[in-house]
Amino acid sequence: MRILSGIQPSGALHLGNYFGMMKPALELQDQGEAYYFIANYHSMTSVFDAAQRRQNTLDVALDFLACGLDPKKTVFFRQSDVPEVTELSWLLTSVTPMGLLERCHSYKDKLARGLSPNHGLFAYPVLMAADILIYDSNLVPVGRDQKQHVEVTRDIAIKFNQQYGEVFVIPEPRIREEVAVVPGTDGQKMSKSYGNTIEIFGEEKATRKKIMGLVMDSRTPAEPKPDADRNLAIQLMKLVAPAGVAQEFEARLRAGGLGYGDLKKALFEHYWEHFAAARRKRAELAADLDYVHQILQEGAARARAQARGVLQRAKRASGLE
Ligand code: ADP
Ligand code: TRP
């Protein structure tokens, strides 16, 4: 089984990225042949600074490797090191109805937020379809907000196959419903674009400040809180603390007597501890960037060999070759 996912280098990775996409993807490394890549072409639709893209790309590589991506098992690469994907994307555009792209939530959300759309933003799901199809991927682990893009990929692949013969494998999205949406510091979905993130490898003081600033209500510590399970700090603690710990805090909150300040302090400690080993690993990797670049290059060579074969299949089937 081929497993594939990508993440854009559009800023520091946060708990939403980690629990929604990265951790499930890393857990799948043993279930099949995993291909994970840094979607730097896609980042061109929202990041317009070259130095920033270069830095973000390196940061994402460090984040993934520090969090447990095993380059012996997994093919790890930069999207743009396999330029064949842009060629395949062109082949797909003409079997992609405009309406399919116009209905994409992520595109519509950006329009609603007043972004003036460029063509890349509109065509984004077609390039994503090429990413997935060019590796004959069976399974695509992503957070819930990317599910529609995988469905678009399926539609495009089915359409191409109907037109030109059985060229593409039809992929399935894999969403972990229990962590499908990680809330941010304001209780909305955690997202770089909402400025409510807690980074995986945030600086200690700044992250403590963010966690102490989690939005709570104004009830006194003594008051029992029957809705303790919906408390933001409890929800985050369930992700970062060892089994049972969050439930204990939840019970104390429910009973009354636990102040929000103490709860948040405990949350910070668990967050810091949860990523302690990965933080050390990341520092080691950051001191050996040649090794990191070498992993990406080896990954690119393996990915490219695979991509060339599928692209050729699509070109032959459609009469380009
Ligand atoms: P952002 O919203 O911060 O820009 P991205 O859109 O780059 O994040 O998302 C990268 C990956 O992380 C996607 O697979 C997405 O589904 C997942 N993801 C992002 N935010 C969350 C969240 N709050 N909860 C769960 N998964 C998330
Ligand atoms: N659109 C994805 C995101 O923003 C990133 C991505 C690009 C991707 N190509 C992909 C994810 C292919 C999975 C498969 O998170």
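How do the residues of the shell around ligand 2 divide into nonpolar, polar and charged? In this predicted model, that shell comprises eight nonpolar residues, five polar residues and one charged residue. Altogether 14 residues surround ligand 2, and the closest of them are Gly-6, Gln-8, Tyr-124, Asp-131 and Gln-146.

Three of these closest residues also appear in the polar contacts of ligand 2, as follows. The side chain of Tyr-124 places an N or O atom 2.6 Å from a nitrogen atom of ligand 2, and a polar side-chain atom of Asp-131 lies 2.7 Å from a nitrogen atom of the ligand. Gln-8, by contrast, is paired with an oxygen atom of ligand 2, from which a polar atom of its side chain is separated by 3.2 Å. On its own, ligand 2 has 370 Å² of accessible area, of which the protein covers 91%. The space that ligand 2 takes is the largest pocket, and the elements contributing two or more residues to the surrounding shell are strand E1 (2-7) and helix H7 (119-133). Of the shell residues, four come from H7, which thereby provides the largest share.

Ligand 1 likewise sits in the largest pocket. Its surroundings consist of 18 residues, with His-14, Asp-145, Val-182, Ser-191 and Lys-192 as the closest. By class, eight residues of the shell around ligand 1 are nonpolar, seven are polar and three are charged. The largest share of this shell is supplied by helix H1 (residues 15-27), from which four residues come.

Polar contacts of ligand 1 involve both oxygen and nitrogen atoms of the ligand, as the following distances show. An N or O atom in the side chain of Ser-191 is found 2.8 Å from an oxygen atom of ligand 1, while a polar side-chain atom of Asn-17 lies 3.1 Å from an oxygen atom of the ligand. For Lys-189, the partner is a nitrogen atom of ligand 1, at a distance of 3.4 Å from an N or O atom of the lysine side chain. Taken alone, ligand 1 exposes 540 Å², and the protein buries 91% of that area.

A further residue considered here is Arg-208, which is placed in helix H9 (residues 204-212). Arg-208 is classed as partly exposed because its relative accessible area is 33%, a value that falls between the limits of 20% for buried and 50% for exposed residues. Although 64 residues separate Arg-208 from Trp-272 in sequence, their C-alpha atoms are 9.1 Å apart in space.

Technical notes
Residues numbered from 1 in each chain as written. Chains lettered and ligands numbered in written order. Predicted model: local features only at pLDDT ≥ 70, side-chain atom pairs only at ≥ 80, totals over all residues. Heavy atoms only, no water. Near = heavy atom within 4 Å. Polar contact = N/O pair within 3.5 Å; in protein donor to acceptor, adjacent residues only side chain to side chain. Areas by Shrake-Rupley, 256 points an atom, 1.4 Å probe, with all protein chains shown as cover. 1 Å grid on protein atoms, 1.4 Å probe; cavity = no way out; pocket = protein on both sides within 12 Å on 5 of 7 lines; lining within 4 Å. Sits in = over half its atoms within 2 Å of the grid points. Nonpolar A, V, L, I, M, F, W, Y, C, P; charged D, E, K, R; others polar. Buried < 20%, exposed > 50% of the residue type's maximum accessible area, 1.4 Å probe, protein only.
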